[in-house]
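Please walk through this model with the protein–DNA contacts in mind, and then turn to the way the helices pack.

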2 protein chains.
Amino acid sequence: MILLDYKDRRPIYEQIVEKLSDLMVRGVLTENTPLPSVRSLAADLSINPNTVQRAYIELERQGYIYSLKGKGSFVAGMDHITKQKQADILAAFGSAVEKARAAGVTADDLCSEVRRLYAAGNQAQKAVSDHLTISNYGGNADD
Amino acid sequence: MILLDYKDRRPIYEQIVEKLSDLMVRGVLTENTPLPSVRSLAADLSINPNTVQRAYIELERQGYIYSLKGKGSFVAGMDHITKQKQADILAAFGSAVEKARAAGVTADDLCSEVRRLYAAGNQAQKAVSDHLTISNYGGNADD
DNA sequence: CAAACTGTATTAAAACGATTAGTACAGTTG
DNA sequence: CAACTGTACTAATCGTTTTAATACAGTTTG
């Protein structure tokens with residue numbers, strides 16, 4: 001399940017959006033997989049259902065999920081998701097690059113850093129994905 | 001002068017910290033240059049002096065400036081500033097890289113993006129620095 | 001010295017967003 | 001029908017940010 005970070009200054013609903021969309025991109029949540037219901041996720045996280053709903057509304061607005069009244073909320077098509085998430089990520093990446101460039105960091109330095117992080121990250125990857133693993137809900141939207 | 005972005009969800013004092021430290025790293029504000037007084041910057045930005053003071057307190061805490069009672073606030077030593085800012089920037093960069101890696105973006109893709117942004121950014125750089133230019137206050141801390 | 005600046009400190013109120021609480025309605029499922 | 005689902009709405013609460021209004025201490029300049 002998701003873990004909330006109360007040290008994070010971002011609002012809870014935004015953390016939920018980020019963590020769930022991460023799980024989709026990582027392939028843990030696949031197309032048409034049902035998400036936990038608004039009320040059950042709220043209970044699991046010990047937060048108000050309204051907060052979860054707000055996160056789901058945002059996820060739907062961004063194209064990560066689709067919701068059916070009376071049925072539930074489900075992971076949207078992976079093609080949309082991948083495009084969306086990678087666009088988000090590249091935008092954030094571009095912003096970080098721009099700041100580094102303005103601060104006098106060279107392109108070579110950044111590329112070295114990229115490769116260093118990739119080398120180091122591959123070993124930590126297993127632990128990270130374990131930590132983010134979401135319980136399997138099973139079932140599909142079109143049951 | 002600085003421009004505040006009210007669409008930005010971050011608090012005003014934090015925007016001030018970021019923009020002023022940016023100007024220092026870019027070399028627009030150099031060592032011992034006096035910053036606008038708490039009251040005058042507040043007037044320029046049409047905000048409360050307390051908000052500016054909070055930004056200055058934070059800038060001092062992070063080592064970007066030093067303040068002398070009755071005299072004013074001044075840009076700190078560039079060696080401290082550069083180290084501080086580059087550490088901040090590399091941390092943000094590393095976070096962006098990690099997310100991209102998790103989303104399946106290759107290291108080569110990121111490096112290509114870096115070089116593309118550097119090539120494109122060099123032409124936009126003049127416009128950016130123009131936009132961020134701060135009026136010249138003249139004078140030094142040790143007058 | 002006096003006026004006009006500086007930074008700094010403090011307390012209270014106001015404003016704003018995030019979150020909670022409670023309720024309600026509509027659709028689905030068994 | 002009972003128990004789920006998403007959705008909608010209003011009101012209250014809470015924390016942070018910002019404002020407001022002073023006040024005090026040090027510096028500078030006429």
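A sugar or linking oxygen of DNA strand D is 3.4 Å from a polar backbone atom of Gly70(B), which falls under the definition of a polar contact, namely a pair of N or O atoms within 3.5 Å, where within protein one must be able to donate a hydrogen and the other to accept it, and residues adjacent in sequence count only if both atoms are side-chain atoms. The model is predicted, so that local features need pLDDT of at least 70 and side-chain atom pairs count only at pLDDT 80 or more, whereas totals for chains, interfaces and linings use all residues. Residues are numbered from 1 along each chain as its sequence is written, chains are lettered from A and ligands numbered from 1 in the order in which they are written, and side-chain values use heavy atoms, with hydrogens and water left out.

Phosphate oxygens of DNA strand D also take part in polar contacts: one is 2.3 Å from a polar backbone atom of Ile12(B), and one is 3.1 Å from an N or O atom in the side chain of Ser37(A). In total, 25 residues surround this strand, and the closest are Ile12(B), Asn48(B), Asn50(B), Thr51(B) and Arg54(B); a residue is counted as near a molecule or strand if one of its heavy atoms lies within 4 Å of it. Of the atoms of DNA strand D within 4 Å of the protein, sugar or phosphate supplies 59%, and bases supply the rest.

Both chains contribute to this surface, since at least two residues each come from H2 (38–45), H3 (49–61), S1 (65–68) and S2 (72–75) of chain A and from H1 (12–25) and H3 (49–61) of chain B. Here helices (H or I, at least four residues) and strands (E, at least two) are DSSP runs, numbered from the N terminus. By class, the surface near DNA strand D has 6 nonpolar, 11 polar and 8 charged residues, where Ala, Val, Leu, Ile, Met, Phe, Trp, Tyr, Cys and Pro count as nonpolar, Asp, Glu, Lys and Arg as charged, and the others, Gly among them, as polar.

Around DNA strand C there are 26 residues, and the closest are Ile12(A), Asn48(A), Asn50(A), Thr51(A) and Arg39(B). Sugar and phosphate make up 59% of the atoms of DNA strand C that come within 4 Å of the protein. The backbone of chain A reaches phosphate oxygens of this strand, with a polar atom of Ile12(A) at 2.4 Å and a polar atom of Asn48(A) at 2.9 Å, while an N or O atom in the side chain of Asn50(A) is 2.7 Å from a base nitrogen. The surface near DNA strand C divides into 6 nonpolar, 11 polar and 9 charged residues.

Within chain A, H3(A) packs against two other helices. The axes of H1(A) and H3(A) come within 8 Å and cross at roughly 50°, the axes being lines fitted to C-alpha atoms, for helices over the stretch in contact, with angles running from 0 to 180 degrees between N-to-C directions. H1(A) is therefore oblique to H3(A), given that angles under 35 degrees count as roughly parallel, over 145 as roughly antiparallel, 65 to 115 as roughly perpendicular and the rest as oblique. H2(A) and H3(A) pack at an angle of about 120°, with their axes 8 Å apart, so this pair is oblique as well. In their contact (heavy atoms within 4.5 Å), Val38(A), Leu41(A) and Ala42(A) of H2(A) meet Pro49(A), Val52(A), Gln53(A) and Tyr56(A) of H3(A), a set with 6 nonpolar, 1 polar and no charged residues.
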